[in-house]
Amino acid sequence: MKKQTIKDLLTDYKKVLHHDITVYGWVRAFRSNRFIALNDGSTINNLQVVVDFENFDENIIKNINTAASLKVTGEVVESQGAGQTVELIAKKITILGDNFTEELQSTILQPKKHSLEKLREQAHLRFRTNLFGAVFRVRSAVSFAIHQYFNQNQFFYINTPIVTGADAEGAGEMFGVTNFDLNNIPRNEEGEIDYTQDFFGRKTNLTVSGQLEGETAAMGLGRIYTFGPTFRAENSNTTRHLAEFWMIEPEVAFNNLEDNIDLAEDFLKYVINYCLENCKDDLEFLDKRFEEEQKTKPEKERAKEGLIEKLQNVVAKRFKRVSYTEAIDILLNSKENKKGKFAYPIEAWGADLQSEHERFLVEKHFESPVVLFDYPKDIKAFYMKLNEDNKTVAAMDVLFPGIGEIIGGSEREARLDVLKQKMEEMHVDEHELWWYLDTRKFGSVPHAGFGLGLERLVLFVTGMTNIRDVIPFPRTPKSAEF
Ligand code: 4AD
Ligand code: MG
């Protein structure tokens, strides 16, 4: 028989009421030598196991403490207590494994409030806590909803290389990959590293984006998406950046910029809606945590809406669509800019927007998610379509409250001559990307796509504030042990 999870039991208890069943889990709390709160990770809710300790071996009772792993057989009965439908009257309890209670004292499994920093230091144990159980169940639901959305809309899932020779963003933020003996790196006569002696015979790195390969796939399959790990060797000491994160990149043949914006909005709303419908218990828990956190902040910085309310509002309203040029006007005329409140004041058209500017537009000015489009060509990547004004490109960024940029994308430059010119201007090596240029030689078509940072969306949905808290094993200098 299929093993029953605590979630199965709590949602479908009528089938097993007054029957004996077996459940497995970890002890979250053991009160009065009588009530065990058992959790198996399937849900935020614990199953209450009632132990009539006089009927049990004293040795077993003695060893049931926080974090112990148990197999419990007993009868499902309606619960007397508030807040739970059923409980289990234990008939047989087996302790499944060791539990070093002495060492437990210094871990985050101790049932008390731990700071997020402390929890991060023991990331491998975070899965046992209510908070991280909720966060990672929601993360899993977000990933599933993403696959479901694309599947329902006739997109094909494509895997792009993780080790690659291409710098897709042309931004030089790559981690090199090599099989050199690092104590004896081969060099040529000029003292430069000799990559011909590397396993790949060329310079390779971890991917910064699967987009360029994704475009080649879209040029045959029509609608594709990638979903994979992405690496950026950028200074990642912010609450929004990771050196290793997961990116979802749809690419669609025959789409223009407007189609691309429509797709991004529809897609984000679908995924958020999916979570609202399928992660109710976890979101309610996170909503309460979010509310508690707001109370610790100065009045001015508190969120105006609760977490669930915020998600519902984002799904209900159409995102604001604003050109870069309009956005710059708004920023230039803002009190904040005039009074020097921005760390990076906006001086003129052409300025790159910092997260403080994005958040001003979203949180103060429009009070809505915003899609900015038609950015100056000089601040965006080489592959974006040059607009007729010769100054801007058909780029789009989706900006979310509390997050800033959540999606970046564009219509692609489909004209070979214009693309080559842009590559030359931006010092992107044509020869290295010969295969990419082929897409513009044989039946080139307008096409567009974007990249969503998975962790930024999970941040938004869970109401967490540090990106390290929404990825199981954050890559930071401090967490190198994993
Ligand atoms: O804006 P980016 O750099 O765009 C691209 O890589 C394009 N090739 C996407 C495309 O058009 N197919 O990154 C896309 C998204 C950002 O909007 C952000 O959500 C996320 O990826 N992102 C990061 N997330 C966490 N840590 C980082 N260091 C990130 N850098 C980008
Ligand atoms: Mg970007």
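Visitor: Which residues of helix H5 are buried?
Guide: This is a predicted model, in which local features need pLDDT of at least 70, side-chain atom pairs count only at pLDDT 80 or more, and totals for chains, interfaces and linings use all residues. Residues are numbered from 1 along each chain as its sequence is written, while chains are lettered from A and ligands numbered from 1 in the order in which they are written. Helices (H or I, at least four residues) and strands (E, at least two) are DSSP runs numbered from the N terminus, and a residue is buried if 20 or more other C-beta atoms lie within 10 Å of its own, exposed if 12 or fewer, and partly exposed in between, with C-beta atoms placed from the backbone. For H5, the buried residues are Phe132, Ala134, Val135, Arg137, Val138, Arg139, Ala141, Val142, Ala145, Ile146, Tyr149 and Phe150.

Visitor: What span should the 23 residues of H5 have, at 1.5 Å a residue?
Guide: The expected span of a helix is 1.5 Å times one less than its number of residues. H5 covers residues 130–152, and its end C-alpha atoms are 33 Å apart, which agrees with the expected span of 33 Å.

Visitor: Which residue takes a positive phi just after H5?
Guide: The buried residues of H5 are covered by elements that include strands E6, E10 and E11 and helices H7, H8 and H15. Just after the helix, a positive phi of about 60° is taken by Gln154.

Visitor: Is Asn260, in helix H7, buried or exposed?
Guide: Asn260 belongs to helix H7, residues 257–278. Two residues are in contact if their C-beta atoms, placed from the backbone, lie within 7 Å, and beyond its neighbours within four places in sequence Asn260 has contacts that include Met396, Gly409, Glu411, Ala448 and Phe450. Because 27 C-beta neighbours lie inside 10 Å, Asn260 counts as buried.

Visitor: How does Asp281 rate by its C-beta neighbours?
Guide: Asp281 lies in helix H8, residues 280–295, and, its neighbours within four places in sequence left aside, it is in contact with Thr43, Ile44 and Asn45. Since 15 other C-beta atoms lie within 10 Å, Asp281 is partly exposed.

Visitor: Which residues on the other side of helix H13 are exposed?
Guide: In H13, residues 416–425, the buried residues are Leu419, Lys422 and Met423. They lie on the same side of H13 because they cover an arc of only 100° around the axis, the arc being that of the directions from the helix axis to the C-beta atoms. On the other side, the exposed residues are Asp417, Glu424 and Glu425.

Visitor: Which residue of strand E16 is the bridge partner of Val252?
Guide: Two strands pair if DSSP finds at least two bridges between them, and E11 and E16 run antiparallel with five bridges joining them. Strand E15 is likewise joined to E16 by five bridges in the antiparallel sense, and there Glu411 has Ala448 as its bridge partner in E16. Both faces of E16 are covered, with His447, Gly449, Gly451 and Gly453 buried on one side and Ala448, Phe450 and Leu452 on the other. The bridge partner of Val252 in this strand is Ala448.

Visitor: Which element gives the most residues to the shell around ligand 1?
Guide: A residue is near a molecule or strand if its C-beta atom, placed from the backbone, lies within 6 Å of it, and 24 residues surround ligand 1, the closest being Ser209, Gln211, Gly408, Gly451 and Gly453. Two or more residues each come from strand E11 (244–253), strand E15 (404–411), strand E16 (447–453) and helix H15 (454–462). The most, six residues, come from E15.

Visitor: How many residues of the shell around ligand 1 are charged?
Guide: Ala, Val, Leu, Ile, Met, Phe, Trp, Tyr, Cys and Pro count as nonpolar, Asp, Glu, Lys and Arg as charged, and the others, Gly among them, as polar. The shell divides into seven nonpolar and ten polar residues, while the number of charged residues is seven.

Visitor: Which residue in the turn between E1 and E2 has a positive phi?
Guide: Strand E1 (residues 20–31) pairs with strand E4 (residues 69–78) in the antiparallel sense over seven bridges, and five bridges join E1 to strand E2 (residues 35–39), also antiparallel. Trp26 stands opposite Asn39 in E2. E1 and E2 form a hairpin with three residues between them, and in its turn the residue with a positive phi, about 50°, is Ser32.
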